[in-house]
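Student: I should like to work through this model by question and answer. Where would you suggest that we begin?

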Amino acid sequence: MTSWIEAPEGGRARGARALARAWVEALIRPRRLFANGVAPGDQAPALTFAVAVAAAYALGWIVSDPGVVPGVVASVPVSAAIAFLVVVVLVAPVGLHLTAAVATLSVILASVEYDDGIALRDRGGVSETVQVVAYASSPMAMAGPPIPALRVVCGAYAAVLLLAGFRTVHGTTPLRTLVAGLPPALLGYGVGYRVVAAVRSLIG
């Protein structure tokens with residue numbers, strides 16, 4: 001079967017089917033996705049993907065734990081709909097770009113080397129970093145239900161995908177990959193998707 005990531009140049013496929021295929025690729029063939037599906041300047045599909053993951057997470061949380069919905073209005077279903085829209089329209093895009101900003105700084109820091117003076121190793125651009133952060137979040141789509149162990153597993157997998165993505169896209173060594181990947185993983189998945197809180201719940 002032809003993969004959606006075989007020829008990313010010129011714009012990748014859009015739509016629900018393409019999102020689903022991208023999600024499956026990210027989970028089971030991450031190196032292939034990062035090698036072939038991350039293209040300079042092609043951030044729009046990645047942003048859509050990150051919003052879809054956040055939407056799935058929020059929907060899973062709201063459905064499994066209605067008490068988490070803030071009382072925006074008297075009607076609980078309306079309050080839930082408003083909270084869901086806020087996540088999709090505001091929280092997810094802002095969270096992605098904030099995490100990507102931290103990731104960009106971390107990648108630059110990890111690229112510093114000394115060779116007759118301070119220099120930066122060759123690496124991918126900011127656009128590629130944003131895309132890696134977005135696609136690496138794929139496991140968090142399943143972490144909506146407030147089950148600490150589930151969130152920890154999903155968060156750990158997302159962090160592994162992020163490290164694999166940075167190593168593939170930026171060509172970093174193992175140590176440099178850790179330097180580049182751990183800060184955005186902690187912020188984006190640990191704080192943003194409440195994996196840190198889940199860890200605290202597990203260790204009591």
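Tutor: Let us begin with a definition: a residue is called buried under 20% relative accessible area, exposed over 50%, and partly exposed in between. Please bear in mind that this is a predicted model.

Student: By that definition, is R194 buried, exposed or partly exposed?

Tutor: R194 belongs to the loop between α7 and α8 (195–203). Its relative accessible area is 38%. Because the range between 20% and 50% is the intermediate class, R194 is partly exposed.

Student: What is the phi of R194 near?

Tutor: Most residues other than glycine have a negative phi. R194 is a residue other than glycine, yet its phi is positive. The value is near 60°.

Student: Which class of accessibility does W23 fall into?

Tutor: W23 is part of helix α1, which covers residues 16–28. The relative accessibility of W23 is 28%. Since this figure lies between the two cut-offs, W23 counts as partly exposed.

Student: Which residues does W23 touch, leaving out those up to four places away in sequence?

Tutor: Contact requires heavy atoms within 4.5 Å. With residues up to four places away in sequence not counted, the partners of W23 are F49, S138, A141 and M142.

Student: Which residues of α1 are buried?

Tutor: Helix α1 has 13 residues and reaches 19 Å from its first C-alpha to its last, close to the expected 18 Å. The cover over its buried residues includes α2 (30–36), α3, α5 (126–136) and α6 (148–170). The buried residues of α1 are A18, A22, E25, A26 and L27.

Student: Which helix gives the most to the largest nonpolar core?

Tutor: The largest nonpolar core has 39 residues, and F34, M140, L162, F166, Y189 and Y193 have the most contacts inside it. Each of α1, α2, α3, α4, α5, α6 and α7 (174–191) supplies at least two residues of this core. With eight residues, the helix that gives the most is α3.

Student: What is the accessible area of the nonpolar surface patch that includes V73?

Tutor: V73 sits in the loop between α3 (44–64) and α4 (76–110). At 38% relative accessibility, V73 counts as partly exposed. On the surface, V73 forms a nonpolar patch with V78, I82, L85, V86, V89, L90, V91 and V94. Together, these residues have an accessible area of about 740 Å².

How values were computed: Residues numbered from 1 in each chain as written. Predicted model: local features only at pLDDT ≥ 70, side-chain atom pairs only at ≥ 80, totals over all residues. Heavy atoms only, no water. Patch = residues over 30% accessible without salt bridge, like charges linked within 9 Å, V, L, I, M, F, W, Y side chains within 5 Å. Areas by Shrake-Rupley, 256 points an atom, 1.4 Å probe, with all protein chains shown as cover. Salt bridge = Lys/Arg side-chain N within 4 Å of Asp/Glu carboxyl O. Helix = DSSP H or I, 4+ residues; strand = E, 2+ residues; numbered from the N terminus. Buried < 20%, exposed > 50% of the residue type's maximum accessible area, 1.4 Å probe, protein only. Expected span 1.5 Å × (residues − 1). Core = buried A, V, L, I, M, F, W, Y, C linked by side-chain atoms within 4.5 Å.
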